[in-house]
Amino acid sequence: MKPFSYLSILLVAILALAACAPQATPVPTAEPTAIPEPELFDIVDTAVADGRFTTLAAALGAADLVDTLKGEGPFTVFAPTDDAFAKLPEGTVDTLLLPENLEQLKSILLYHVVSGKVMASDVVTLTSADTVLGEPVTIKVDMGKVYLNDTVEVIITDVEASNGVIHVIDSVLLPPAKLVDIVDTAVADGRFTTLAAALGAADLVDTLKGEGPFTVFAPTDDAFAKLPEGTVATLLLPENLEQLKSILLYHVVSGKVMAADVVTLTSADTVLGQAITIKVEDGKVYLNDTIEVIITDIEASNGVIHVIDAVLLPPQ
């Protein structure tokens with residue numbers, strides 16, 4: 001037999017043996033293990049678990065807002081830390097937690113909440129945001145930092161929760177004081193008791209509680225005290241109330257005239273129908289030459305008060 005034939009027989013035999021050999025068991029390919037997403041908790045539980053918001057958590061409980069911020073939302077909460085609350089004047093937190101002050105506390109807390117989930121990338125595009133209290137907070141970016149109402153810094157962003165997001169702030173946001181009318185503003189100030197009594201006697205309280213707007217040049221109690229002794233008591237007598245009313249109306253100008261506008265004027269017509277003169281001298285504003293405007297731009301819901309150091313007397 002030729003060598004080629006032997007080689008052919010050997011090759012066939014090897015192929016036959018390979019065909020009869022047991023097949024290798026395929027190794028199963030392992031499925032990749034999915035990494036579970038971390039479980040998110042609601043805003044309240046997220047804040048409590050963090051450990052830096054114990055005062056905020058206590059305040060939310062006292063103001064009956066826990067269930068609200070555990071709700072569906074979504075909410076964005078600018079959350080003051082315990083250190084932020086500690087910056088408030090001593091005793092402030094304890095006072096706010098008293099039952100009689102819980103409405104005020106609730107207003108403060110709601111001033112930290114914005115409807116919707118506003119992530120940091122969106123916050124920096126805004127100049128203000130409306131809170132659920134109904135009052136806006138201003139937003140500015142300065143040197144890469146975000147500030148609310150000019151001075152409150154956002155120090156940590158995008159702490160996500162199941163019903164929104166938390167941004168951590170370094171101070172407590174305080175809502176702007178709600179404006180009241182000119183009469184109530186003067187009474188609350190405490191320096192205008194004589195003026196308040198005179199307005200009542202002259203039946204002008206309802207007028208200055210009206211829609212307005214009005215600008216009132218308001219004499220302090222010290223200003224009334226400069227009048228000759230007995231003058232105020234005499235003016236308050238029933239037979240002199242028309243004279244008193246004229247004096248008071250001589251302190252009132254129609255419209256809301258802020259200090260920036262006052263200094264551009266040389267006179268202003270009062271609702272009495274007689275004008276007062278205005279001059280600026282050495283950076284101070286004087287009415288009728290001698291009566292100094294000592295405090296300006298006390299805003300009220302229906303106008304503005306400028307405080308003066310003497311009583312204006314209409315020309316005879």
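A cavity, on a 1 Å grid over the protein atoms alone, is a set of points where a 1.4 Å probe fits but cannot get out, and lining residues have an atom within 4 Å of a point. Grid points are joined across faces, edges and corners, and a volume is the space filled by probe spheres set on the points.

This is a predicted model, in which local features need pLDDT of at least 70, side-chain atom pairs count only at pLDDT 80 or more, and totals for chains, interfaces and linings use all residues. Residues are numbered from 1 along each chain as its sequence is written, and side-chain values use heavy atoms, with hydrogens and water left out.

**Exercise 1. The largest cavity**

Find how many cavities of 30 Å³ or more the structure holds, then describe the lining of the largest cavity.

Step 1: There are 4 cavities of 30 Å³ or more, and the largest cavity encloses about 50 Å³.

Step 2: Around the largest cavity you will find L56, L60, L65, L69, V77, L109, L110, H112 and V113. Two or more lining residues come from each of α3 (54-62) and α7 (102-110); helices (H or I, at least four residues) and strands (E, at least two) are DSSP runs, numbered from the N terminus.

Step 3: Sort the lining by class, with Ala, Val, Leu, Ile, Met, Phe, Trp, Tyr, Cys and Pro as nonpolar, Asp, Glu, Lys and Arg as charged, and the others, Gly among them, as polar. The result is 8 nonpolar, 1 polar and no charged.

**Exercise 2. The second largest cavity**

Which residues line the second largest cavity?

Step 1: Its volume is about 40 Å³.

Step 2: The lining consists of L195, L199, L208, V216, L248, H251 and V252.

Step 3: By class, that gives 6 nonpolar, 1 polar and no charged residues.

**Exercise 3. The open sheet**

Work out the strand order of the open sheet and explain why β2 and β3 each have one side without a neighbour.

Step 1: The 7 strands follow the order β2-β1-β7-β6-β5-β4-β3, with mixed pairing; two strands pair if DSSP finds at least two bridges between them.

Step 2: β2 (113-115) and β3 (128-130) are at the edges with a single partner strand each, so one side of each lacks a neighbour in the sheet.

Step 3: Look at β3 and β4 (residues 136-142): they run antiparallel, joined by 3 bridges. Here D130 is opposite P136 in β4.

**Exercise 4. A helix residue**

Is A233 buried or exposed?

Step 1: Locate A233 in helix α13 (residues 231-235).

Step 2: Apply the cut-offs: buried is under 20% relative accessible area, exposed over 50%, partly exposed in between (1.4 Å probe, protein chains only). A233 has 52% relative accessibility, so A233 counts as exposed.

Terms used:
1 Å grid on protein atoms, 1.4 Å probe; cavity = no way out; pocket = protein on both sides within 12 Å on 5 of 7 lines; lining within 4 Å.
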